[in-house]
Amino acid sequence: MIHRPGYSPVSGTWQRRIGGWFAGWAPPPDVFAVVMATGIVSVAGYDHGYWRLGIALSILAAVAFAGLAVGLLLWSATRRVRVMGLTRDPDVALRMFTFVAACTVLDVRWGDHPAGGWLLDALALAGWLVLMPLAAVDVAARPVRDLRPHARGAWLLPSVATAGLAITASSLAIHVRLPALVVVAALAWVLAMVLYLLVTWLIAGRALAGPFGPDEVTPDSWILMGALAITALAGDHILAAVHTLNAPSGLVTWTRPLTLAAWVLASLWIPGLLYVQVWRAAHVPGSLRYQGVWWSAVFPLGMYSAASAATATQLHMRSLGTVSLVFFWIAFTVSTLVATGLLRSDVGR
């Protein structure tokens, strides 16, 4: 028998076997959006005292994360050449940030458990450190005129993930009593806002470049709102860390107004996004049928609820508690409909 260099017949057998298991599964780059959506709805449920529902959803999110992570790892191991080729596409690299965002959302729920919290922190940071240079190289290698026609809401996921890291750093600062981490969180927060502005500029350029039709509106357009909502939530966490640790008080002078501004801008997106989504539904038959991308619409709704609850506490705006409760039930209802669509699509195969 002649062996190829670096090839083991035993490992080759297992690769073929694993490849057979995943022959019919081709995960989308944003496969962890379902974890983000389920996790943040569980957080919003806890905010309003629905702890049984919160526990059920957080366990479901954790199980989904573990299953998807193992499945994706095995799938990638059998298709290394294809994976390397896909990651050179900016759309793929940017959407892969759902992994980092999912880790940070789960950390909010499981961070109190030492082992789980440290593991999720490490995975989030490692994922960000790998994906950010990869995405930056992919984007920088293409002129703006080539990027603009493909810009979409999902391209804001690096901003979402970076704001999630700011939340994680703020929570960790309180846990280990290290004020310096609050400054790190603030820097990540500012970077998240810069990324939001850059990508939104590309999306706006695409919308203004030619006729804007209903096909341009996709469920991940809601991330335009969700990215601002998690920016507000990150600001709330930074304020909480500053007050708890007596961190540099100067952070408060600009963190408070920016947090409120992010929440207001997120709120202003909602009527426009709702209008164009209804417009699309009226002009594109079947647009409300289940697609995996609908999970990208659930996450912003749940995040807006969580951000409103945190902003109500940190900025002493009690009326936002009611807004948060309303959007929790909206997010839960939409997530239930999307999950039902997922189950029906799986049964129908």
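**Exercise 1. Follow the salt bridges.**

R152 and D220 form a salt bridge, with their closest N and O atoms 2.8 Å apart. Work out where these two residues sit, then find which residues are linked with them in a network of salt bridges.

*Solution.* A word on the model before we start. This is a predicted model, where local features need pLDDT of at least 70, side-chain atom pairs count only at pLDDT 80 or more, and totals for chains, interfaces and linings use all residues. Residues are numbered from 1 along each chain as its sequence is written, and side-chain values use heavy atoms, with hydrogens and water left out.

Step 1: apply the rule. A salt bridge here is a side-chain nitrogen of Lys or Arg within 4 Å of a carboxyl oxygen of Asp or Glu. That rule gives 4 salt bridges.

Step 2: place the opening pair. R152 is in the loop between α8 and α9, and D220 is in the loop between α10 and α11, so the pair ties together parts 68 residues apart in sequence. Helices are DSSP runs (H or I, at least four residues), numbered from the N terminus.

Step 3: check the cover. Buried means under 20% relative accessible area, exposed over 50%, and partly exposed in between (1.4 Å probe, protein chains only). D220 is buried because its relative accessible area is 0%, while R152 counts as partly exposed at 23% relative accessibility.

Step 4: look for a second partner of R152. The side chains of R152 and D91 also meet in a salt bridge, at 3.9 Å from N to O. This pair links distant parts of the chain too, with D91 in helix α5, 61 residues apart from R152. D91 is buried, at a relative accessible area of 16%.

Step 5: add R95. R95 bridges to D30, and their closest N and O atoms are 3.2 Å apart. R95 sits in helix α5 (residues 90-95) and D30 in the loop between α1 (9-21) and α2 (33-47), 65 residues apart. Both R95 and D30 are buried.

Result: D30, D91, R95, R152 and D220 are linked in a network of salt bridges.

**Exercise 2. Get to know the core.**

Which helix gives the most to the largest nonpolar core, and what does F299 touch?

*Solution.* Step 1: define the core. It's a set of buried Ala, Val, Leu, Ile, Met, Phe, Trp, Tyr and Cys residues joined through side-chain atoms within 4.5 Å.

Step 2: size it up. The largest such core has 101 residues, and those with the most contacts inside it are V35, F65, F97, V100, V182, M225 and F299. Helix α11 (residues 223-245) gives the most, with 15 residues.

Step 3: zoom in on F299. Contact means heavy atoms within 4.5 Å. Not counting residues up to four places away in sequence, F299 touches M36, A37, I40, V105, V160 and I230.

**Exercise 3. Two residues of α12.**

T259 and W254: buried or partly exposed?

*Solution.* Step 1: start with T259, in helix α12. T259 is buried, at a relative accessible area of 0%. Leaving aside neighbours within four places in sequence, T259 is in contact with W189, A232, G235, D236, L239 and T311.

Step 2: move to W254, also in helix α12. W254 counts as partly exposed, at 31% relative accessibility.

Step 3: see what W254 joins. V190, L191, V194, L198, W254 and L258 form a nonpolar patch on the surface, with about 450 Å² of accessible area together. For such a patch, residues need over 30% relative accessible area and no salt bridge, and nonpolar side chains (Val, Leu, Ile, Met, Phe, Trp, Tyr) are joined within 5 Å. The areas come from the Shrake-Rupley method with a 1.4 Å probe. The largest share of the patch, 4 residues, comes from α10.

**Exercise 4. Classify a ring pair.**

How are the rings of F328 and F332 arranged?

*Solution.* Step 1: recall the cut-offs. Rings of Phe, Tyr and Trp (its six-membered ring) pair if their centres lie within 6.5 Å; planes under 30 degrees apart are stacked, over 60 edge-to-face, and the rest tilted.

Step 2: count, then classify. The structure holds 11 aromatic pairs. The F328 and F332 rings have centres 6.2 Å apart and planes at 25 degrees, so this pair is stacked.

Step 3: place them. Both lie in helix α14 (residues 319-347), 4 residues apart, about one turn of the helix. F328 is buried at 0%, whereas F332 is partly exposed at 21%. Ring pairs link Y50, F328, W329 and F332 into a cluster.

Terms used. Helices (H or I, at least four residues) and strands (E, at least two) are DSSP runs, numbered from the N terminus. Patches are made of residues with over 30% relative accessible area and no salt bridge: like charges are joined within 9 Å, nonpolar side chains (Val, Leu, Ile, Met, Phe, Trp, Tyr) within 5 Å.
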